[in-house]
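Let's work through a few exercises together, one step at a time. Keep the sequence and the 3D view open as you go.

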Amino acid sequence: MATPLKEKIYRMFSNDIGIDLGTANTLVYLRGKGIVINEPSVVAVNQKTGQVVAVGSSAKAMLGRTPAHIIAVRPLVDGVISDFEVTEEMIAYLVKKAESQSKKFLGPRVVVGVPSGITNVEIRAVRDATRNAGAREVYIVEEPMAGAIGIRLPVNDPVGSMVVDIGGGTTDVAVISLGGIVRSKNLKIAGDKLNTDIITYIRSEFKILIGEKTAEAVKIAIGSVLPGEEPLETAIRGRDLITGLPREVVITDSDIREAITQSIDNLVESVKEVLETTPPEIIADVMRNGVYLLGGGALIKGLDRLLHDVLKMPVYVAEDPLTAIARGTGIILEDLEKYQEALIQNEDELPHKK
Ligand code: ADP
Ligand code: MG
């Protein structure tokens, strides 16, 4: 951590950057400016040369429209660094793009949010990748911690806070107190799993095949985990499994509920498991202060009500849940000293990791 004078100089001349390396969306926060990048976590790679040809929305737009040797990869899906080189190029691209929006000349200090399920080897890989991208200093923070800071929970106080961050590839359930993660669980049930549940259900019930994009659009439009006041329906197009021709069917919110019910049950079960191993004093805090839902998956209709019914405690959807982690990295950058405890200083000494 910098001395006060050094800190002053950094604050004037350094581009301080926060990165939320999500499995579905990558956000970048630039100190003094706010969120300057919000792009899908997709990288287009030329398989012949190994080169990265596009990152983010332009890479996503290439999906299905490019020659066969250009493939789009989501480097962070299913675990973290499935492809170190691609991740490194992605981080370099993000840092360069953020720096181009600022006139400060010192190499940036970078806070990177990583999923709580990340291994120590992967943390080291992210640290190295960020350094190689030109960062002067690298700070790693677990995403549920960054999210809790982003929604201004009192993470440094001797009081328990609980967040459930439902992203694309993974969900992080975490209980936080005194600047640290007391209990956590990282599971692969999140937005992507709900999409594949919907694809599977529509195939078996309606005998048509729909794509990922359609499944996601349907989920966002009419997906819910408890019946709402009015039934919802939408028409979707897919390929008839028997004739091979396009066919349209109308599906309802209750179809979607049935499709995702098993995954939602598993998710709720995981939240309960984390609570069951949490020390009683901290549970009492959580019962009083509530559970906060973050990430895009927090927006699925009725999830807060369902969790409230099961857990018998207040459950809130965080304001703007998709940007909470990025905002948290920004708050950390404003006061690195204050959040020292919340950062991973040395990945070899993580009490809640094996
Ligand atoms: P990550 O942190 O893993 O990048 P995000 O927090 O950006 O993930 O959330 C992305 C996920 O949220 C996607 O699976 C997307 O389908 C889902 N999502 C976004 N908006 C909604 C919504 N309104 N209802 C349900 N799911 C949503
Ligand atoms: Mg996330």
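Before we start, one sorting rule: Ala, Val, Leu, Ile, Met, Phe, Trp, Tyr, Cys and Pro count as nonpolar, Asp, Glu, Lys and Arg as charged, and the others, Gly among them, as polar. Please also keep in mind that this is a predicted model.

**Exercise 1. Describe the lining of the largest pocket.**

Step 1: Start with the space itself, for the largest pocket has a volume of about 1,000 Å³.

Step 2: Find the residues around this space. The lining has 45 residues, and those nearest the centre of the pocket are A24, N25, G168, D192 and E216.

Step 3: Sort the lining with the rule above. The outcome is 17 nonpolar, 16 polar and 12 charged residues.

Step 4: Trace the lining back to its elements. At least two residues each come from strand 1 (17-21), strand 2 (25-30), strand 6 (70-73), strand 9 (161-166), strand 10 (171-177), helix 6 and helix 7.

**Exercise 2. Work out where ligand 1 sits and which residues come nearest to it.**

Step 1: Place the ligand: ligand 1 sits in the largest pocket.

Step 2: Look at the shell. There are 17 residues around ligand 1, and T23, A24, N25, E216 and K219 come nearest.

Step 3: Sort the shell by the same rule, which gives 5 nonpolar, 9 polar and 3 charged residues.

Step 4: Ask which elements take part. Helix 6 (191-206) and helix 7 (212-222) each give the shell at least two residues, and helix 7 has the largest share, with 3 residues.

**Exercise 3. Find polar atoms of the protein that lie close to oxygen atoms of ligand 1, using a cut-off of 3.5 Å.**

Step 1: Try the side chain of E216, where a polar atom is 2.3 Å from an oxygen atom of the ligand.

Step 2: Turn to the backbone. A polar backbone atom of A24 lies 2.7 Å from a ligand oxygen, and for G296 the distance is 2.9 Å.

Step 3: Finish with the cover. On its own, ligand 1 has 580 Å² of accessible area, and the protein covers 89% of this.

**Exercise 4. Characterise the largest cavity.**

Step 1: Count first: there is 1 cavity of 30 Å³ or more.

Step 2: Give its volume, about 60 Å³.

Step 3: Look at the lining, which includes I166, L194, I264 and L303. Helix 6 and helix 8 (253-276) each supply at least two of the lining residues.

Step 4: Sort once more. The cavity lining holds 8 nonpolar, 2 polar and no charged residues.

Definitions and conventions: Residues are numbered from 1 along each chain as its sequence is written. Chains are lettered from A and ligands numbered from 1 in the order in which they are written. This is a predicted model: local features need pLDDT of at least 70, side-chain atom pairs count only at pLDDT 80 or more; totals for chains, interfaces and linings use all residues. Side-chain values use heavy atoms; hydrogens and water are left out. A residue is near a molecule or strand if one of its heavy atoms lies within 4 Å of it. A polar contact is a pair of N or O atoms within 3.5 Å; within protein, one must be able to donate a hydrogen and the other to accept it, and residues adjacent in sequence count only if both atoms are side-chain atoms. Accessible areas come from the Shrake-Rupley method with a 1.4 Å probe; for residues, only the protein chains shown count as cover. On a 1 Å grid over the protein atoms alone, a cavity is a set of points where a 1.4 Å probe fits but cannot get out, and a pocket is an open set with protein on both sides within 12 Å along at least five of seven lines; lining residues have an atom within 4 Å of a point. A molecule sits in a cavity or pocket if more than half of its atoms lie within 2 Å of its grid points. Helices (H or I, at least four residues) and strands (E, at least two) are DSSP runs, numbered from the N terminus. Grid points are joined across faces, edges and corners, and a volume is the space filled by probe spheres set on the points.
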